[in-house]
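Work through the exercises below with the model open. Try each task before you read its solution.

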Amino acid sequence: MSTERRLRLPGLAYGGDYNPEQWPEEVWAEDMRLMREAGVTIVSVGIFSWALLEPAEGVYDFSRMDKILDLLHENGIAADLATPTASPPAWFFRAHPEALPVDRDGRRLSYGSRQTFCPSSPAYRTAALRIAGEIGRRYADHPALAMWHVHNEYGCHNAECHCDESAAAFRRWLRAKYAGDLDALNHAWGTTFWSQWYYDWDEIIPPRATGAAPNPTHQLDWRRFCSDELLSLFTAERDVLRRATPGIPATTNFMVNFSIEALDYWRWAPELDIVSNDHYLRSTDPESEIDVALCGDLVRSMAGGPWLLMEHSTGAVNWQPVNRAKRPGEMRRNALAHVARGADGIAFFQWRAAKAGAEQWHSSMLPHAGTDSQIWQDVVRLGADLEALAEVRGSTVAADVAFVWDWNARWAMELPSQPSSALRFTDLVRDWYSPLWRAGVAVDFVRPDTDLSPYRLVLAPSLYLIDDAGAANLTSFAERGGTLAVGFHSGAVDDNCHVRTGGYPGAFRDALGVRTDELFPLLPDETRQLTGQVPQDATATQWSERVRLTSAEAIASYVDGSLAGVPAVTRNAHGTGTAWYLATRPDPDTLAALIARIRDEAGVRPVLGTLPDGIEAVRRSGTDADYLFLIDHSGAGADLPAHGVELLTGKPVHGSVVLPAGGAAVVRETHRSQSAQAGTTTPAGSGNR
Ligand code: GAL
């Protein structure tokens, strides 16, 4: 994060997307009054207002935006001013029909929703930079301007386009990557297979719909290209804005845990002045609080410190099959959990619920029902909470555990033609993350090539693809005394997606002290019994492989099936450290027991002794104080050991803090050593929330 270009607001930022252009001006005064009542400090404006700002090519109408920004400033509310480039107007597509994206089946999409443009379209780029430049220059000195919101969720609806312009851009990207050497590309892609050898760069096209399985490396390079192509749009807009306003920070909102088309945000994050993220709950996720925490840790890790939650919802969204409203207190718990994981600001989509348009059934800070509503009460309360937590701004989370997260590994493992099509990178990471969340163990996410020396334990639940440097970094971490744990089907291919021969798990084989000669993925309804140093009734699903020990010891083995007696979990002394291999997908209790043992042996301590079920515990450390965040997701509440001042109530805490049922407590710690050493905690019975 740039030290020069930062958000200059006191305390924690609070707000949401504000779309006053959707309402008559009479409503705006009420918006201002209610924003002040709720403690809103910043709003994102203009995200989807291109059609109003530029009614015809090169013709601008800033009258409405001028008034909105003036009004915000008069009311002491900062503007996170957007470039409206996520939604080009209809006139643009009529003039440039070639800028509409083409899907992999060759179907050209129509305008009429949003983000329906080809990322490689020169006409789009010109138009986007033009409007960004106009806005940058016009509002450079506006006193409300605090931050640039570039575009909106790059790639949310158009992560890839298969048109001819995209094909040409892909070829340019490939020429640069392979330094103009077509043979190098042929070797990297393995095009001797199925007669795919290319003799001319112009023969190369995007991985469009084809008859049989497409080439894996072709698809992987395509994913990399699509991410870079969108990134180049971001940096181009950012640079236009920087020229106009060298001191104003620029962000764009990430979506770190969305679909397979996701972008490689490790490459994006260093280009942002402030990293921000959008997070939405899945109605079908019974423990979505774990996803909130995982994504928060991931964003903080990419930001290298505090970040902003740019969007989440007060209640239901409108884009899932059934859109669940939040449970009592859930919105507050979500928001405070994001703060606990390093967010220095909390915002929502959106301020006022829309009457019309595609998102009319999406919740908001000010619902259709108005202020006589639970959501409004909760929004006002959250504003007060964030004000009470102002001093946590700038503090961050220190972790002994690193989780390896790599988009290349994720993309590659989820390509077609794998031993099992059931493997999902995010499921496997979530499997391993959950027991650490339950135990209150702080976690960072890292790239395979990150300096691992600050950590005691490195977990790589799913690392199908790994380049040589990343593999060396991870294995030498164990060799030098660290503890490394690796999940099944890892180390299998190099960065060209070529299998590492000589036995699986390729790159990690020697460090793990095992060698697998054949994979035995399990069918969806198959389960295997495990025996050994695992809980009674331990089972495993999804994956098995014929592991032979070369230097490792077996911790668990299969009881049944064709691999009966074969090791399923192993532990190896590697150099002065330890390397574990989980060659299957253990049931949650067994995995929790294994991870507890691994972290114990690695000397990793939880934030706060043993936690009751469903209590989230995280510590943010600042220069002057530490802040212990405790959140009850169980509904039972708890008494937990702490010393200091509980900031949400302002009450002193001497030895124990009452965590109300479904509520939260944030303790500014004065006796950190005591609370960190505290033992088992006790449920508090009925809460007093
Ligand atoms: C986000 C998007 C917002 C809004 C929201 C609804 O992906 O950035 O503009 O559409 O989803 O949940």
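Buried means under 20% relative accessible area, exposed means over 50%, and partly exposed covers the range in between. Keep in mind that this is a predicted model.

**Exercise 1. A salt bridge inside one helix**

Task: Find the distance between Asp 221 and Arg 224 in their salt bridge, and decide whether Asp 221 is buried or exposed.

Solution:
- Step 1. Locate the pair. Asp 221 and Arg 224 both belong to helix 8, which covers residues 216–244. They sit 3 residues apart, about one turn of the helix.
- Step 2. Check the contact. A salt bridge needs a side-chain nitrogen of Lys or Arg within 4 Å of a carboxyl oxygen of Asp or Glu. Here the N to O distance is 3.0 Å, so the pair qualifies under that cut-off.
- Step 3. Classify Asp 221. Its relative accessible area is 0%, so Asp 221 is buried.
- Step 4. Classify Arg 224. Its value is 13%, so Arg 224 is buried too.

**Exercise 2. Salt bridges across the sequence**

Task: State which parts of the sequence the pair Arg 300 and Asp 444 ties together, then treat Glu 601 and Arg 571 likewise.

Solution:
- Step 1. Take the distance. The side chains of Arg 300 and Asp 444 form a salt bridge at 2.9 Å, N to O.
- Step 2. Place the ends. Arg 300 is in helix 10 (residues 288–303) and Asp 444 is in strand 11 (residues 443–446), so the bridge links parts 144 residues apart in sequence.
- Step 3. Check burial. Arg 300 and Asp 444 are both buried.
- Step 4. Move to the other pair. Glu 601 and Arg 571 form a salt bridge, with 2.8 Å between the closest N and O atoms.
- Step 5. Place these ends. Glu 601 is in helix 17 (residues 588–601) and Arg 571 is in strand 19 (residues 567–574), so this bridge links parts 30 residues apart in sequence.
- Step 6. Check exposure. Glu 601 has 39% relative accessibility, so it counts as partly exposed. Arg 571 has 22%, so it is partly exposed as well.
- Step 7. Look for a network. Shared salt-bridge partners join Asp 297, Arg 300, Arg 341, Asp 444 and Glu 616 into one network.
- Step 8. Put this in context. The structure holds 42 salt bridges.

**Exercise 3. Cysteines**

Task: How many disulfides does a search of the whole structure find?

Solution:
- Step 1. Run the search. It returns 0 disulfides.
- Step 2. Test Cys 161. Its nearest cysteine sulfur belongs to Cys 163, 3.5 Å away, and Cys 161 is in no disulfide. The cut-off is 2.5 Å, so a separation of 3.5 Å fails.
- Step 3. Check accessibility. Cys 161 has 3%, so it counts as buried.
- Step 4. Test Cys 497. The nearest cysteine sulfur is that of Cys 226, 15 Å away, and Cys 497 is in no disulfide. With 12% relative accessibility, Cys 497 counts as buried.

**Exercise 4. The ligand shell**

Task: Which residues are around the ligand, and how does the shell divide by residue type?

Solution:
- Step 1. List the shell. It contains Phe 48, Arg 114, Asn 152, Glu 153, Asp 278, Tyr 280, Glu 311, Trp 319, Phe 349, Glu 359 and His 362.
- Step 2. Sort by type. The shell has 4 nonpolar, 2 polar and 5 charged residues.
- Step 3. Find polar approaches to ligand oxygen atoms. Arg 114 places a polar side-chain atom 2.8 Å from one. Asn 152 does so at 2.8 Å. For Glu 153 the distance is 2.3 Å.
- Step 4. Estimate cover. The ligand alone exposes 310 Å², and the protein buries 97% of that.

**Exercise 5. An enclosed helix**

Task: How many residues of helix 11 are buried?

Solution:
- Step 1. Count. In helix 11 (residues 330–340), 11 of the 11 residues are buried, so the helix is largely enclosed by the rest of the structure.
- Step 2. Name some. Among them are Glu 330, Arg 332, Arg 333 and His 338.
- Step 3. Look just past the end. There, Gly 342 has a positive phi of about 115 degrees.

Note on methods. Residues are numbered from 1 along each chain as its sequence is written. This is a predicted model: local features need pLDDT of at least 70, side-chain atom pairs count only at pLDDT 80 or more; totals for chains, interfaces and linings use all residues. Side-chain values use heavy atoms; hydrogens and water are left out. Helices (H or I, at least four residues) and strands (E, at least two) are DSSP runs, numbered from the N terminus. Buried means under 20% relative accessible area, exposed over 50%, partly exposed in between (1.4 Å probe, protein chains only). A residue is near a molecule or strand if one of its heavy atoms lies within 4 Å of it. A polar contact is a pair of N or O atoms within 3.5 Å; within protein, one must be able to donate a hydrogen and the other to accept it, and residues adjacent in sequence count only if both atoms are side-chain atoms. Accessible areas come from the Shrake-Rupley method with a 1.4 Å probe; for residues, only the protein chains shown count as cover. Ala, Val, Leu, Ile, Met, Phe, Trp, Tyr, Cys and Pro count as nonpolar, Asp, Glu, Lys and Arg as charged, and the others, Gly among them, as polar.
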